[in-house]
Amino acid sequence: MPSSMLCYAITVCSSGPRYLVQNLRMAALTRIGLAGLAVMGQNLALNIAENGFPISVYNRTTSKVDETVERAKREGNLILYGFHDPESFVRSIQKPRVIIMLVKAGAPVDQTIKTLSVYMEKGDCIIDGGNEWYENTERREKAMAEWGLLYLGMGVSGGEEGARHGPSLMPGGSFEAYRHIEDILLKVAAQVPYSGPCVTYIGKGGSGNFVKMVHNGIEYGDMQLIAEAYDVLKSVGKLSNEELSHVFSEWNKGELLSFLIEITADIFKIKDDKGEGYLVDKVLDKTGMKGTGKWTVQQAAELSIATPTIASSLDARFLSGLKEERVKASKVFKSSGIGKGLTDQAVDKAKLTDEVRQALYSSKICSYAQGMNLIRAKSIEKGWDLKLGELARIWKGGCIIRAMFLDRIKKAYDRNPDLANLLVDPEFAKEIIERQSAWRRVVCLAINAGISTPGMSSSLAYFDTFRRERLPANLVQAQRDYFGAHTYERIDIRGSFHTEWFRISRRSKI
């Protein structure tokens, strides 16, 4: 293959904003390619180029290619080459070729692989950077291996800003493929002082996609808990948007320091540019979703792992979607005066704010404990040997759930890699004990005020269930044995037992 070849780039005509496609000659082959130039793809490609790795880009819609090349020129004359056809794109990359795909999960991934693999050779590598179902990644890795190609499924977190300036990266699959791109990933990932790049080889198979899926499930829980804190402060405490912004800004200086708390403080400050007041009050109370939260809850059910905080956040999104039904229901129950007395009472704003902070922090511990337990269970099932402390480390920067809190989670798993649950780590256990009274008061206050706090309530129930030596599950098992002869175990005698409950109860009534 010649060391130089033709590619397409964009120049702006001096006569006006019309674009002209022009041939340029590449001095050498590029280090990597990226296919799929929506927002995430464009930003990651520019990030790679900015970190000193010449990159080729391709998109089925050619206007996206032209747009990306123009951005590369505008944002620092970055070494980025755009291609309008897949063959030229693939052949522009040095061997062994490494191509990242950032396209919609499912069939578009298979189609992109089919388009590109025709021109690829044994030893080349494809990396899927989308939010893909982990079993699809495992299927594709096996299929690629039959063709002599390497395959990685890589979670990418951080949104468009993270992709451009440093995301958290979760690559899983072929370790050989990872070694081909490790130098690039270490540079483009978020960099956290005293912790390093927010990337690590996750493990075999679809582990990278699975970890990213659970990351997103934890994100669902985090966002729901923050929304509930906002609701209690606004509905009971009557805090204004200015006060809410100040509260969240203060929280972001302490134990709750995180990206989501930071942006929440920002949101409350934004005025509506299309009318009076603040923009947050004009946003429709109907939350969208893309599926990873649902997958997380489904996997938890498959593995019998309790994730009530994450599940309640998903249910909250489902219920938010019933906007018209909720409006009608509000009219039916309006005259009942549910919660009206409490929401109309004057409250000590400072005390309420402090107690809501404690409830939020305690609930957050439960949400992360559930997510980590789910990852551990899947790792055991699949033999992935995932390191939970290392996952906490790479989530400390770049990603949506990045938080100071994650450093403490890493230390907990460093102290005890076999930690059964974050709740029983000595430091976290101490913090929950100190905060649980305030946590209970906030949940009770919300219930009496008729304010839904499913995330905080289910987190508290998870904590109370986990910490109790004996639960009423003995009665449930007795009921199962009564109607279905499912048997039961005893606390005093080993073995499995069945009792003819119906026959004995009827005999006693005679």
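**Exercise 1. Determine which residue of β6 stands opposite A35, and describe the surroundings of strand β3 in this predicted model.**

Solution. A35 has M101 of β6 as its opposite residue. Strand β6 spans residues 98–101, and three bridges join β3 to β6 in a parallel arrangement.

The next step concerns strand β4, residues 55–58. Here four bridges link β3 and β4, and these strands also run parallel. Within this pairing, G33 faces S56 of β4.

The connection between β3 and β4 can then be classified. Together with helix α1 (residues 39–50), β3 and β4 make a right-handed β-α-β unit.

The last step considers the two faces of β3. In a regular strand the side chains alternate between the two faces of the sheet. In β3 (residues 32–35), I32 and L34 lie on one side, while G33 and A35 lie on the other. These four residues are all buried, and both faces of the strand are therefore covered.

**Exercise 2. State how many disulfides the structure holds, and explain why C399 does not form one.**

Solution. A disulfide is a covalent bond between the sulfur atoms of two cysteines. The structure holds zero disulfides.

For C399, the closest cysteine sulfur belongs to C198, at 7.1 Å. The cut-off for a disulfide is 2.5 Å between sulfur atoms, so the sulfur of C198 is too far from that of C399 for a bond.

The burial of the cysteines is examined separately. C399 is buried, with a relative accessible area of 0%. C125 is likewise buried, at 0%.

**Exercise 3. Identify where D110 and R139 are located, and describe the salt bridge in which their side chains meet.**

Solution. The structure holds 41 salt bridges. In the one between D110 and R139, the N to O distance is 3.4 Å. D110 belongs to helix α4 (residues 107–117) and R139 to helix α5 (residues 134–146), so this pair ties together parts that are 29 residues apart in sequence.

Accessibility completes the description of the pair. D110 is partly exposed at 30% relative accessible area, and R139 is also partly exposed, at 41%.

**Exercise 4. For the salt bridge between R467 and D464, establish how the partners are placed in the helix and whether each is buried or partly exposed.**

Solution. The side chains of R467 and D464 meet at 2.8 Å, N to O. Both residues lie in helix α19 (residues 454–467); because they are three residues apart, about one helical turn separates them. R467 is partly exposed, with a relative accessible area of 49%, whereas D464 counts as buried at 17%.

Elsewhere, salt bridges with shared partners join E255, D354, R357, K430, E434 and R435 into one network. Within this group, E434 bridges to R435, with the closest N and O atoms 3.5 Å apart. E434 is partly exposed at 46%, while R435 is buried at 11%.

**Exercise 5. Locate V283 and A189 in their loops, and decide whether each is buried or exposed.**

Solution. V283 is found in the loop between α10 (259–267) and α11 (292–302). With a relative accessible area of 55%, V283 is exposed. V283 also joins I270 and L279 in a nonpolar surface patch, for which the accessible area together is about 250 Å².

A189 occupies the loop between α7 (175–188) and β10 (191–192). A189 is buried, with a relative accessible area of 2%. Its C-alpha atom is separated by 6.3 Å from that of V199, a residue ten positions away along the chain.

Note on methods. Residues numbered from 1 in each chain as written. Predicted model: local features only at pLDDT ≥ 70, side-chain atom pairs only at ≥ 80, totals over all residues. Heavy atoms only, no water. Buried < 20%, exposed > 50% of the residue type's maximum accessible area, 1.4 Å probe, protein only. Pairing = 2+ DSSP bridges. Right-handed = clockwise from strand over helix to strand, strands pointing away. Patch = residues over 30% accessible without salt bridge, like charges linked within 9 Å, V, L, I, M, F, W, Y side chains within 5 Å. Areas by Shrake-Rupley, 256 points an atom, 1.4 Å probe, with all protein chains shown as cover. Salt bridge = Lys/Arg side-chain N within 4 Å of Asp/Glu carboxyl O.
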